[in-house]
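Here are my notes on this model. Please read them with the structure open.

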There are 2 protein chains.
Amino acid sequence: MTQLLPSALVDAIDDLGSLPGVGSRTAERYAYFLLRSDKHISEKLSTSLLKLHSGVKNCPITFALIDSNETASALYSDPTRDKTLIAVVEEPLDIIALERTGQFNGTYHVLGGAISPIDGVGPEQLHIPELLKRIVKDKAKEVIVATNASVEGESTALFLQRNILDAGIDVKLTRLARGIPVGVDLEYAGQITLSHALEGRRLF
Amino acid sequence: MTQLLPSALVDAIDDLGSLPGVGSRTAERYAYFLLRSDKHISEKLSTSLLKLHSGVKNCPITFALIDSNETASALYSDPTRDKTLIAVVEEPLDIIALERTGQFNGTYHVLGGAISPIDGVGPEQLHIPELLKRIVKDKAKEVIVATNASVEGESTALFLQRNILDAGIDVKLTRLARGIPVGVDLEYAGQITLSHALEGRRLF
């Protein structure tokens, strides 16, 4: 069969298809949209993708994502934030979610994932030793384990708890509350969510 | 609020968000995926997006998309294809859909859209005059109007029919059959689709 599309378009479709959850139809749609739009739009996207890796690095203390010319996460160096309160999250983007609440004035520690034998992620790949050192160094009073409410997140939380106990570190360990999300009717809340909500019930 | 993400990541998220149907969550997911993946993947995508516009142009005869170093669409210049049979489509990607059937050995003509007053697309923006010239020049015997089964596609088809009549061009004008798509149960086929299917019923 004759090649039906110009090779520059085929390349763009193939490479857009490497994005997560993007099949060939969606990739075609994206590429064709860019082709029909002003040249400037695809050039701008091209430039930001080219600079993505070189412009970003991990904070050596918290492992949050920072500008490559920064030395540490602004959320950590900020003197108004409480370094004795550490929220432990799986991924850098989880920080955004917690910051959006506007309720947290401590600092963060990014594990870099969760323990998942299926995906080949063991505890040795997570930034746990760095967390233990930091708890001691910053004289942390409380560590909030804010891993995901998944099997992997739970295993990681339990592993973390054991590590902190084994290291003989004296710190208050807390978890995010599990319960019924706002706006969800009881009948649609899952069984496990409901069990958590019952277990964690509070006085008025 | 302190900037929560490195600016290189924010730029990538913003620019990925310019793709059609991509909201901020999806753009975050794409950008974070690229950041976690090998540098090579985002660089490859960056390069193909940069070359997209310069590598593609419209065929001056059929308005299909072609490599910028080609002079005409290979589907048109191919001597084995029947130039007296022209399928008229709205967009260049429609050609792919028709070619995938493996049932068509004519040539194509891309209108470059469909008449849509809401989107500000009038008939003067479509490649209709070029089609009329081509019908005469290539002594076309049949023109298959393969516009979409939408209000805009129908209007465009009727406008085209009138244009060809007004120009006094003698050519067989046909349309794609409308009917029940394969794999769809009668009860789920829409009312208009069923009307078309009844109207276009055929002998065994």
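1. Ser46(A) comes closest to the rotation axis of all residues of chain A, at 2.1 Å (C-alpha). A turn of 180 degrees with a shift of 0.0 Å along that axis lays chain A on chain B, with an RMSD of 0.1 Å. That is the relation of a two-fold axis. The superposition is by least squares on the C-alpha atoms of residues with pLDDT of at least 70 in both copies. Both copies use the same surface: 100% of the contact residues of chain A recur in chain B. Contact means C-beta atoms, placed from the backbone, within 7 Å.

2. This is a predicted model: local features need pLDDT of at least 70, side-chain atom pairs count only at pLDDT 80 or more, and totals for chains, interfaces and linings use all residues. Residues are numbered from 1 along each chain as its sequence is written, while chains are lettered from A and ligands numbered from 1 in the order written.

3. Which residues of helix 6 (residues 128-137) of chain B are buried? They are Ile128(B), Leu131(B) and Ile135(B). Buried means 20 or more other C-beta atoms within 10 Å of the residue's own, exposed 12 or fewer, with C-beta atoms placed from the backbone. Seen down the axis of helix 6 of chain B, the buried residues fall within an arc of 50 degrees, so they line one face. The arc is that of the directions from the helix axis to the C-beta atoms. The face turned away carries exposed Pro129(B), Lys133(B) and Lys137(B).

4. Just after helix 6 of chain B, Lys139(B) takes a positive phi of about 50 degrees. Helices (H or I, at least four residues) and strands (E, at least two) are DSSP runs, numbered from the N terminus.

Key. Contact = placed C-beta atoms within 7 Å.
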